Amino acid sequence: MPEERKTEIGEVHPKYWERTVREAFKNDPYRIVVELVKNAADSYTRLEKKGNLKPPFEIHVKFVCRKKDSPSIEVLDNAEGMDSRKLKEALKYGTQTSMGEDTEAITSAEKGIGLKDAMMALEDNWLITVKDGLINERKKHLDFRTGIGKEDEPVTEEEREQWEIRNNGTVVMGRLPDYFHDRKFATVCEHLQQHFLMRKLLENTKYKICAIDSFTKEKKLLEHVPPKLEQQLVNETFEIEYNKTKYQIHLLINRSTDGLPQGKPFGESGLLFFYGEYSVVDFTLCRFDRDISFSKCFGEVKMEVETIIRDTTESPLVDEKRRGLDPEHPFNRKLFDEINQRLREVQEKEEASKYSFDEDIKKDIITELNKIYKEIRGSGLLEPPIKPATFAFYPVYVSLKEYEPRIVSLIINSSVVTDDFEISLQSTNQDIIIKRPKIVKIEEKPREKFILKQIELYSEKAGMKGEIIATRFPYSLDSERMGVEVLENPIFSPTNGFAFVPDKTAIVDGGEKKVDLCIDRVAIRDTRKITLVSSEPVSCPGEWLLPDKEENLQKCMIKNVVKMEIPIKVKGTDHIGEKANVKALYEDKVGNVNVTVVPEPLITGLFRDIRFSAKNTERICDFIREEGVLEVYYNHSLIRKYMTKNFRNRLDYLVFIADTMTREVIRAFVTSGIEESLSKFPIFDLDHPEKQIDMYVLREYYENGPRMHEMFMNLARTLKLGEENN
Amino acid sequence: MGQTGMKKDEDVIRGVAEYEGNYLSLDKDRLVLFAVGLLESKKIEPTFDKIVVTTFRLFPKKFSLIGFAEYPDGRTIYYCAYNHCTLDKKWLFGNVQSGFKVTERGKYFLDETKKMLEGKILLTRTHQVIARRKETTFITILKKTNAYKKYVQSKKEAIGRAEILEALMLPPNSKSLIQTHLKKYLEYANRVNDSSVVEFLRFAEDKLKGDNNA
């Protein structure tokens, strides 16, 4: 070991190193070795560019492995070496030194992990370098001081032999930190070969990187064997425009014959992001990272971004903690969007679901979900329509239709809310039912000035009138009233006892829907056949049979009416604006519905589609934000478990699917609400928002969950096999 | 009710004073409903004429004619009482021929309106005070022009002649019309009592004069 003769003070505060570099090394201790190897490779590259040396370039990585302690390491190159001036620059923080793979590139403390960081991570570290016959020895202390051994002294033959530096070159040595857990030489070699940061370097034939076991003298040439290629999926060059400059990106996506391990640092399934020849910056599948459906995908993204990296005014593409490309950097955002789009296309080609939901029910549910989200947003962002001094119903009078639930609001001024605050709700007419909630409680001190609570009312008796009375407990007996009347539902009074209700409807061009044919029970005789006739461009079944047994007929009955859902369909497309008529004939009775063909309405809002997907993922259900799609993955083992014979009618399957979807939708509501900075979802600790997100999810689950459960159970019942979703 | 009774009703209505609280933010339909409710509470049959006078006396700032603050805007009250409160909202029952009556449904909204007038419930949305007439229509259009917006933002220097002409709905080469339009707009602005528009029109007048002299 060299002898330390004097020291120089450090330049940055140790906190910076603790916060960034040490954390990066702790997450992935192999980075220390990689950094030293890469430094050696960079030195060779610079020599090659100057025309002073030709490949192969040898780098020796010597390990002294011990059973109970982390290994010691020596990384040796016979490249440029450094004189004391350059050495000073290389070990100093915050300076701009021309040291990377690209001779014009800038590496500094803020731009990446450098030699000094790797040295600092090594215990008892020393750097010995020889250039033009002069030897320099330095060490880096944990408090950033630089220890100096020999300084520009002529190198002796003995020293050359000791450090194995034939002409010019550098050797860095030290003991790897405690958090480097691997102890066996073979394991260390294997991990180095698999490490994503080493991959491009090992694939480059110019460099010969040899790992040497100090005890056995075993020498192993490190190499990376790419996965076995089955098919090339994408090979494309595109441009990313950033700050009025276009940067070329070469994207290669392959499919391997076998499933590959995923994730950094040793996974194989993913895209290797790099610039230059071997400077790897990330290994990820963007939004599909660790998605099992991509477990056979591997490839690379070559980024011609050297000018961004050289630009000192530009924020670094790699995040501060060196986890990979910074997803918030505008360039990376654009890059990830482009790649996500291509990965999605790959996914769509690879996967096509065998299942589909009933389109009409699905659309209704999507509309309802968007409405619920609007309500959630509304109560968070916008003010309620009225601001009561205590609490009040809104509206103050409501008309219900029999057999149709109706939602009203109770607006509460949060200034009256105390810890044991509760409002009890009572109906003065037993035929007018408060479905939920009977008692309004405020669990925690509200942050909004006004709280909007939804109340669901229901009645099955037309003509009823009554009041809903809200009474506040415990310290006051304030009460508020809301008038309620129950109107006749037109489906129960079909014209002549046999009619479509309503008698006018619109249908999407090229689409299909169901229209309600209502028949008064007293109008039903022995004949079971209803004849159906439609005019162009709408088609419908030629006939429809009423259930033959009384008990089956009873199942279709609500009150006094048998409601039949008759499917109608537009023949082909390009019929927008055309009108048609569907006629139903039963004995001497005739029912008509006028149909107008309209263009497909655009579904706007957070949710745009719900899919039962064939993707293999670790998740059961996921909301794809960019597309607004809620996906349920039926190949997931937990779902498969329920999808056995007649599963559509089994309660355990329905409840499981409905609850999974409900929870995912609610999480999507909350996370979207947080992104939109809704006052309903404030986040205090932005670094660790998970706890608060979970709390909001739970709150919304109790508030909106029951409604969604019912909707998703209905949807799950309509699952059809054999129709392609895409 | 006899002749003396009728007179008595009129006397009672003549004695109705302007509502003391803030009623400007409430919508006119609720105010008409309140007036009908008041008549019913005083056992006065709410016929159309009585509703017009009671509404106007209670809420003169909301139901007077533009430029004639001492006269009620009978047309607006009719629309509120019949078209809105009776046909649409079903708060009232009846018509001009048979008079009006607060319905069961209307009673709930009447209670709510009373609370609003007492300040127990505040409305998030505030409603327009001035009726939609030619004056308000033209002033509203003028307020949407670039020239007026810049004037409000204290960017007077940035307002060009063309922008002022556009605000006053004047074609580019029509010196003869400038005074006529300015006069009309000033008249409308004064009638609807909009001082900021009056100031803008004075500024526009000066600017146009200055440009002509140059």
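**Exercise 1. Locate A:Tyr403, then state the sign of its phi and its exposure.**

Step 1. A:Tyr403 sits in the loop that runs between strand S19 (397–401) and strand S20 (406–413) of chain A. Helices (H or I, at least four residues) and strands (E, at least two) are DSSP runs, numbered from the N terminus.

Step 2. The model is predicted: local features need pLDDT of at least 70, side-chain atom pairs count only at pLDDT 80 or more, and totals for chains, interfaces and linings use all residues. Residues are numbered from 1 along each chain as its sequence is written, with chains lettered from A and ligands numbered from 1 in the order in which they are written.

Step 3. Phi of A:Tyr403 is positive, about 65°, although the residue is not a glycine. Most residues other than glycine have a negative phi.

Step 4. With 17 other C-beta atoms within 10 Å, A:Tyr403 is partly exposed. A residue is buried if 20 or more other C-beta atoms lie within 10 Å of its own, exposed if 12 or fewer, and partly exposed in between, with C-beta atoms placed from the backbone.

**Exercise 2. Is A:Lys217 buried or exposed?**

Step 1. The loop between strand S9 (207–213) and strand S10 (219–221) of chain A holds A:Lys217.

Step 2. A:Lys217 is not a glycine, and its phi is positive, near 65°.

Step 3. A:Lys217 counts as exposed because it has 8 C-beta neighbours inside 10 Å.

**Exercise 3. Find where A:Pro265 and A:Pro502 lie, and describe the peptide bond before each.**

Step 1. A:Pro265 belongs to the loop between strand S12 (245–256) and strand S13 (270–275) of chain A. The bond from A:Lys264 to A:Pro265 is cis, with omega near 0°.

Step 2. A:Pro502 belongs to the loop between strand S27 (498–500) and S28 of chain A. A:Val501 and A:Pro502 are joined by a cis peptide bond, with omega about -5°.

Step 3. Most peptide bonds are trans.

**Exercise 4. Describe strand S8 of chain A and its pairing with S3 and S4.**

Step 1. Six of the seven residues of strand S8 (residues 169–175) are buried, and the strand is mostly covered.

Step 2. Strand S3 (residues 72–77) pairs with S8(A) in the antiparallel sense over six bridges. Two strands pair if DSSP finds at least two bridges between them. A:Val75 is opposite A:Val172 of S8(A).

Step 3. Strand S4 (residues 123–131) also pairs with S8(A) in the antiparallel sense, over six bridges. Here A:Val130 is opposite A:Gly169.

**Exercise 5. Which residues have the most contacts inside the largest nonpolar core, and which domains give residues to it?**

Step 1. The core has 86 residues, and those with the most contacts inside it are A:Val33, A:Val37, A:Ile59, A:Val61, A:Val75 and A:Phe273. A nonpolar core is a set of buried Ala, Val, Leu, Ile, Met, Phe, Trp, Tyr and Cys residues joined through C-beta atoms within 7 Å.

Step 2. Helix H2 (residues 30–49) of chain A gives the most to this core, nine residues.

Step 3. Domain 1 (6–221) and domain 2 (229–350) of chain A both give residues to this core, so it lies between them. The domain bounds come from an automatic or database domain assignment.

Step 4. A second, separate core has 53 residues, including A:Val398, A:Val484, B:Leu39 and B:Cys85.

Step 5. Leaving out residues up to four places away in sequence, A:Val75 touches A:Leu36, A:Val37, A:Ala40, A:Ile59, A:Val61, A:Val171 and A:Val172. Two residues are in contact if their C-beta atoms, placed from the backbone, lie within 7 Å.

**Exercise 6. Which elements give two or more residues to the side of chain B that touches chain A?**

Step 1. The contact takes 10 residues from chain B and 11 residues from chain A.

Step 2. The elements are helix H6 (104–118) and strand S5 (121–123) of chain B. H6(B) gives the largest share of this side, five residues.

Step 3. Strand S17 (residues 386–388) of chain A pairs with S5(B) in the antiparallel sense over three bridges. The bridge partner of A:Ile386 in S5(B) is B:Leu123.
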